[in-house]
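Visitor: Hello! Could you show me the structure, and may I ask you about it as we go along?

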Amino acid sequence: MHKVVTRQAQSLTPAELRTENQLLREQLEELLNQAHRNQRIMLRHQTFDLQLIGASSFRELIENIFSTLAKTSDLDIVTLTLIDPKSSLRRILLDLNIDLTEFPHLLFVQTEFELGQLRQHLRKPVLGRYEDDLHGRMFAECRTKPSSVAAVPLIRQNKLIGCLSLGSYHTNRFAPSMATDFIEHMASIIAICLENVINNERLTYIGLTDPLTGVSNRRHIEQRKLEEIGRARRQQYGIVAMYLDIDFFKQINDKHGHQGGDDVLREVASRIKAELRLSDTLGRFGGEEFVVLLINTSQQHAVQVAERIRASIANKPFLLSMGGFCKCTISIGIATLPAVKNVGDIEGVAREMVARADSALYEAKSKGRNQVRCAS
């Protein structure tokens, strides 16, 4: 072989040899440049992996996925769809004061069936051209749809927990024939990190939750009052506080025992929550008392919500775990904080708002119970 190459080289003219050498140098330089590019890409992705692993909160992890991943992988669109049965994760995040409207590309479905046709293929990454029937749900919030897509399943314990969707405006960026080893590696890290931060947020939530009813405890509702009043002040909208108290609760305990009383408290909390939006906050203030914060709400709307709550409790007897039924009613006081009145010390404003709701509750009690009253 050496002799063949030598004879071929000997047959070239000096000019041709110089051209051949120049070509070889250019090819070698391109190979070296490609090796350097690959090394830089690898380092960027290693840095991204470390950022994911180091994320200590849901917010930090999601921000890394949407911003850092897009830059690291030169993507035009990144969306994340999480499977959230009964909206429990969304409620926890909202209770922890994580504003989900900050993340329009973070989507939630209650079951994998809501993923449509795509769910049938989500055991491995699905790469190819964008199809509205197949990918439309994942990119519903995007004005400009991608040209090619990688739909990457997020799996933990052999269970689909979500789908990471990578979009590019270039038609050939994601082709069905492409290798998916790297994408699968990235998806496994993201799935593990999601599981970890969600579990951490759940632990935090437990510390802020009333163990009997599953709603916020007093410490959390006090904290949320200040946060929500501050946000309402910045964004110039009204906020409403409801003070709710179960009527004749001592009689329920005396007649049905403490187990019966606990059953009623749990069911009352459940019926109140059923009438609220995800953005609203419900907390057990103590004993048989509850407080609700209605966000961006007028007094008229708050009265409608309160009447629905009152009727839902009064109109349907409570099934007790020890057998039998129990009737129950609730009294509700409402205090509105319009944007124009939201001035001064926030703690003072919060105390005054709840005090007015408490006064309205006292009026409802004194006027016969099982009714809604508004503070003047």
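**Cores, sheets and helices**

Guide: Gladly, and please keep in mind that this is a predicted model. The largest nonpolar core has 38 residues, and the residues with the most contacts inside it are Phe58, Ile65, Leu80, Leu106, Leu164 and Leu166.

Visitor: Which element gives the most residues to this core?

Guide: Several elements supply at least two residues each, namely helix 3, strand 1, helix 4, strand 2, strand 4, strand 5 and helix 6. With 10 residues, the one that gives the most is helix 6.

Visitor: Where is the second core, and how many residues does it have?

Guide: That core is separate from the one we just discussed. It includes Leu244, Ile246, Leu282 and Ile334, and its size is 30 residues.

Visitor: In what order do strands 1 to 5 lie in their sheet?

Guide: The sheet is open and its pairing is mixed. Its edges are strand 2 (106-109) and strand 3 (126-129), each of which pairs on one side only. From one strand to the next the twist averages 20 degrees. Read across, the order is 2-1-5-4-3.

Visitor: What is the bridge partner of Val126 in strand 4?

Guide: Strand 3 and strand 4 (residues 148-156) are antiparallel and share 4 bridges. In strand 4, Val126 is matched with Ala151.

Visitor: Is Ala151 buried or exposed?

Guide: Ala151 sits in strand 4 and touches Leu118, Leu122, Lys124, Pro125, Val126, Cys163 and Leu164, leaving out residues up to four places away in sequence. Its relative accessible area is 0%. Since the limit for burial is under 20%, Ala151 is buried.

Visitor: What separates the C-alpha atoms of Ala151 and Leu166?

Guide: Leu166 is one of the residues with the most contacts inside the 38-residue core. Beyond four places in sequence, its contacts include Leu69, Ile77, Phe139, Val152, Phe174 and Met186. Ala151 and Leu166 are 15 residues apart along the chain, and their C-alpha atoms are separated by 6.4 Å.

Visitor: At about what angle does helix 6 run to strand 4?

Guide: Two helices can be described against this sheet. Helix 3 (residues 58-72) lies across strand 1 (77-83), strand 2 and strand 5 (159-168), at about 145 degrees to strand 1. Helix 6 (residues 181-207) lies across strand 1, strand 3, strand 4 and strand 5, and its angle to strand 4 is about 50 degrees.

Visitor: Which are the edge strands of the sheet ordered 7-8-6-11-12?

Guide: This open sheet has 5 strands with mixed pairing. Its neighbouring strands are turned by 20 degrees against each other on average, direction ignored. Two strands pair on one side only, and these edges are strand 7 (281-286) and strand 12 (372-374).

Visitor: How many bridges join strand 6 to strand 11?

Guide: Strand 6 (residues 239-246) and strand 11 (residues 330-337) run antiparallel. Val240, for instance, has Thr336 in strand 11 as its bridge partner. The number of bridges joining the two strands is 8.

Visitor: What angle does helix 9 make with strand 11?

Guide: Helix 10 (residues 346-366) lies across strand 6, strand 8, strand 11 and strand 12, at about 145 degrees to strand 11. Helix 9 (residues 299-314) packs on the sheet and touches strand 6, strand 8 (289-295), strand 11 and strand 12. The direction of helix 9 makes an angle with that of strand 11 of about 165 degrees.

Visitor: What distance does helix 7 reach from its first C-alpha to its last?

Guide: Helix 7 (residues 218-235) has 18 residues. At 1.5 Å a residue the expected reach is 26 Å, and the model comes close to that, with 25 Å.

Visitor: Which residue follows helix 7?

Guide: Buried residues of helix 7 include His220, Ile221, Arg224 and Glu228, and what covers the buried residues includes helix 4 (88-95), strand 6 and helix 10. The residue after the helix has a positive phi, near 60 degrees, and is Gln236.

Visitor: Why is Cys328 not bonded to Cys326?

Guide: Cys328 is buried, at 5% relative accessibility. A disulfide needs sulfur atoms within 2.5 Å. The sulfur of Cys328 is too far from that of Cys326, its closest cysteine sulfur, because the distance is 6.1 Å.

Key
Residues are numbered from 1 along each chain as its sequence is written. This is a predicted model: local features need pLDDT of at least 70, side-chain atom pairs count only at pLDDT 80 or more; totals for chains, interfaces and linings use all residues. Side-chain values use heavy atoms; hydrogens and water are left out. Two strands pair if DSSP finds at least two bridges between them. Axes are lines fitted to C-alpha atoms, for helices over the stretch in contact, and angles run from 0 to 180 degrees between N-to-C directions. Contact means heavy atoms within 4.5 Å. The expected span of a helix is 1.5 Å times one less than its number of residues. Buried means under 20% relative accessible area, exposed over 50%, partly exposed in between (1.4 Å probe, protein chains only). A nonpolar core is a set of buried Ala, Val, Leu, Ile, Met, Phe, Trp, Tyr and Cys residues joined through side-chain atoms within 4.5 Å.
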